[in-house]
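Please open the model in your viewer and keep the sequence panel visible beside it. The tour below moves from one selection to the next, with a short account of what to look for at each stop.

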Amino acid sequence: MATPHNQAKMGDIAKKVLMPGDPLRAKFIAETFLENVKLVNEVRGMYAFTGTYKGEEVTVMASGMGMPSMGIYSYELFSQYGVEQIIRIGSSGSYVTGLKVKDVVLAESAWSQSSYARTQNGFEGDTIYPDAELNQRILETAETIGVKVTPVKVHSSDVFYAESTVDDYREIHRKHQCDCVEMESFALFHNARVLGKKAACLLTISDTFPTGEEASAQERQTAFTDMMKVALEASI
């Protein structure tokens, strides 16, 4: 059953989904790690690929940027395609010197000023949590395969370019204990909570606010393989 945003038919999408923001990152993961790959969606260029990883079916689908986009795609996957679990695999900006470019972090919670959850179902809180069991599996998987993953509280923001009149990263870190920033996990965690599904968010640090260090656009698409491997192994 297709939607206005997804041409996949029922059965085309696996129960477990990896969800990068970037469609080209989804394509890279599918071509690099999956076997028997089939392109199941390309509406609006939001690629979804289904294949097998070590014999188990997995779908990799892009979410696009920001909570409205993640909100649409993850809600449809959970509610209309029978998806049980989504692991977001994205990039993040570090607020602290202890997290450097290419470090991998796992969201223990997502704090946001966003109105997404309030608008969606009246939720008034500003912090939403991932599935604890899935997070534990990710941490255990990372340890098994030798990848360091640091649990963090993330700032899930609606805004990429903020003016100097609002709190900067230092104030957000001080007031809310957020160690890094991204733009999708709050909506993903909310949708999973509303629909009784599982969600987690693995991130690779792509740039650091304190030092100005940053990964290239190409590296953001293809070089964050530790995060990808952890998510795939945890999915099976």
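Which side chain does H5 join through a polar contact of 2.7 Å? The model you are looking at is a predicted one, and in it the partner is E76, whose side chain lies at that distance from the side chain of H5. Select H5 to begin, and you will find it in the segment that comes before β1 (16–19). If residues up to four places away in sequence are set aside, H5 touches N41, V43, R44, I72, Y73 and E76.

From R44, one of those contacts of H5, move to the hairpin made by β2 and β3, where six residues lie between the strands and R44, in the turn, has a positive phi of about 60°. Now select strand β2 (residues 35–41) together with β3, and note that the two run antiparallel and are joined by four bridges. To find your register between them, pick L39, whose bridge partner in β3 is F49.

Keep β3 (residues 48–53) selected and colour it by burial: six of its six residues are buried, so the strand is largely enclosed by the rest of the structure. Turning the strand over shows that both of its faces are covered, with A48, T50 and T52 buried on one side and F49, G51 and Y53 buried on the other.

Next, add strand β4 (residues 56–61), which runs antiparallel to β3 and is joined to it by six bridges. Two positions help to trace this pairing: G51 stands opposite V58, and T52 stands opposite E57. The hairpin of β3 and β4 has two residues between the strands, and K54 there takes a positive phi near 55°. Strand β4 also pairs with β1, this time in parallel and through two bridges, and you can locate that pairing by selecting V17, which stands opposite T59.

For the next stop, select L202, which, with L77 and I138, touches the most other members of the largest nonpolar core, a set of 75 residues. Leaving out residues up to four places away in sequence, the contacts of L202 include I138, V149, M227, V230 and A231.

Follow the contacts M227, V230 and A231 into helix α8 (residues 225–235), which is mostly covered, as eight of its 11 residues are buried. M227, V230 and A231 are among the buried residues of α8, as are M228, L232, E233, A234 and S235. An α-helix has 3.6 residues a turn, so residues three or four places apart point the same way.

Technical notes. Residues are numbered from 1 along each chain as its sequence is written. This is a predicted model: local features need pLDDT of at least 70, side-chain atom pairs count only at pLDDT 80 or more; totals for chains, interfaces and linings use all residues. Side-chain values use heavy atoms; hydrogens and water are left out. Buried means under 20% relative accessible area, exposed over 50%, partly exposed in between (1.4 Å probe, protein chains only). Two strands pair if DSSP finds at least two bridges between them. A polar contact is a pair of N or O atoms within 3.5 Å; within protein, one must be able to donate a hydrogen and the other to accept it, and residues adjacent in sequence count only if both atoms are side-chain atoms. Contact means heavy atoms within 4.5 Å. A nonpolar core is a set of buried Ala, Val, Leu, Ile, Met, Phe, Trp, Tyr and Cys residues joined through side-chain atoms within 4.5 Å.
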